[in-house]
Amino acid sequence: LGLPVETMLSHSADPHAADFRDALQTLVTNVPGLQLPPSQRQAEHQRTLKLDADLLTVVYDLLVMLPDRSEILDWKTYPQPAKKAKIIDHWQTKLYLYVLAETSDYAPEQLSMTYWFVQSTKGVKKLTIPYDQRDHDRNHQDLSQLLSQFHHWLDGWQQRQLPFPHHPHCHRCPYRSQFFDAA
């Protein structure tokens, strides 16, 4: 964004500021998209896709847009998971790439997503995930199925015919009683 991060880091009393400064410098040195002119990159870039009756909104940490390709960059402050397949199958990956393909002139094969893991035990690591039409078609099918299932549950819940299913961690959610238990 062009903000003076160095000033903030040099005056910080936070004991982790040095670690953050080192990670930031490593990213600036290693991430090619950060050196591009602002016309080819956008930080905190938001896109919204209307899919039937639903609006899907994504916010990319950094979106690089070149004439022949586009890349989504995402920063993670935890170590890279051991299994690459876990990240590839994560809904953030699938939805981010799907929405970009649907809301741009890029073909799916011109898109990729790179995760940068700042707290890796072996320095900053990256994982780049390519995209193609087959992935896009599969994501469309999976997303359509999930949204259909969601609307079935929501309709049943609103008509007091079905309980709305909860994620196993919902019992810790501070909003649960406001939305689900009150009905």
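This is a short walk through the structure, stop by stop, starting at one helix and moving outward.

Before you click, note that this is a predicted model, where local features need pLDDT of at least 70, side-chain atom pairs count only at pLDDT 80 or more, and totals for chains, interfaces and linings use all residues. Residues are numbered from 1 along each chain as its sequence is written, and side-chain values use heavy atoms, with hydrogens and water left out.

**Stop 1: helix H4**

Select residues 91–102, which make up H4. Helices here are DSSP runs of H or I with at least four residues, strands are runs of E with at least two, and both are numbered from the N terminus. The C-alpha atoms at the two ends of H4 are 16 Å apart, in agreement with the 16 Å that twelve residues should span; that expected span is 1.5 Å times one less than the number of residues.

Now colour by burial: buried is under 20% relative accessible area, exposed is over 50%, and partly exposed is in between (1.4 Å probe, protein chains only). H4 is largely enclosed by the rest of the structure, because nine of its twelve residues are buried. Among them are Gln92, Lys94, Tyr96 and Leu97.

**Stop 2: Lys94 and its partners**

Show the side chain of Lys94, which is buried at 11%. Look for salt bridges, meaning a side-chain nitrogen of Lys or Arg within 4 Å of a carboxyl oxygen of Asp or Glu. Lys94 makes one with Asp89, at 3.4 Å between the closest N and O atoms, and Asp89 is exposed at 51%. Lys94 makes another with Asp142, 3.9 Å from N to O. Asp142 sits in helix H5 (residues 133–158), so this pair ties together parts that are 48 residues apart in sequence. Asp142 is partly exposed, at 24%. Asp89, Lys94 and Asp142 thus form a network of salt bridges.

Keep Lys94 on screen and add Trp91: the charged end of Lys94 sits over the Trp91 ring, 4.3 Å from its centre. The rule asks for NZ of Lys or CZ of Arg within 6 Å of the ring centre and within 35 degrees of the ring normal.

**Stop 3: Tyr96 and Tyr60**

Next, select Tyr96 with Tyr60. Ring pairs of Phe, Tyr and Trp (its six-membered ring) need centres within 6.5 Å; planes under 30 degrees apart are stacked, over 60 edge-to-face, and the rest tilted. The count comes to two aromatic pairs. Tyr60 and Tyr96 are edge-to-face, with centres 5.0 Å apart and 85° between the planes. Tyr60 is in strand S2 and Tyr96 in H4, 36 residues apart. Tyr60 is buried at 0%, and Tyr96 at 12%.

**Stop 4: the nonpolar core**

Stay on Tyr60 and add Ile72 and Leu111. These three touch the most other members of the largest nonpolar core, which has 25 residues. Such a core is a set of buried Ala, Val, Leu, Ile, Met, Phe, Trp, Tyr and Cys residues joined through side-chain atoms within 4.5 Å. H4 supplies its largest share, six residues.

Centre on Leu111 and look for contacts (heavy atoms within 4.5 Å). Not counting residues up to four places away in sequence, its neighbours include Leu97, Leu100 and Ala101.

**Last stop: Arg69 and Glu71**

Finish with the Arg69–Glu71 salt bridge, 3.9 Å from N to O. Arg69 is partly exposed at 37%, whereas Glu71 is buried at 16%.
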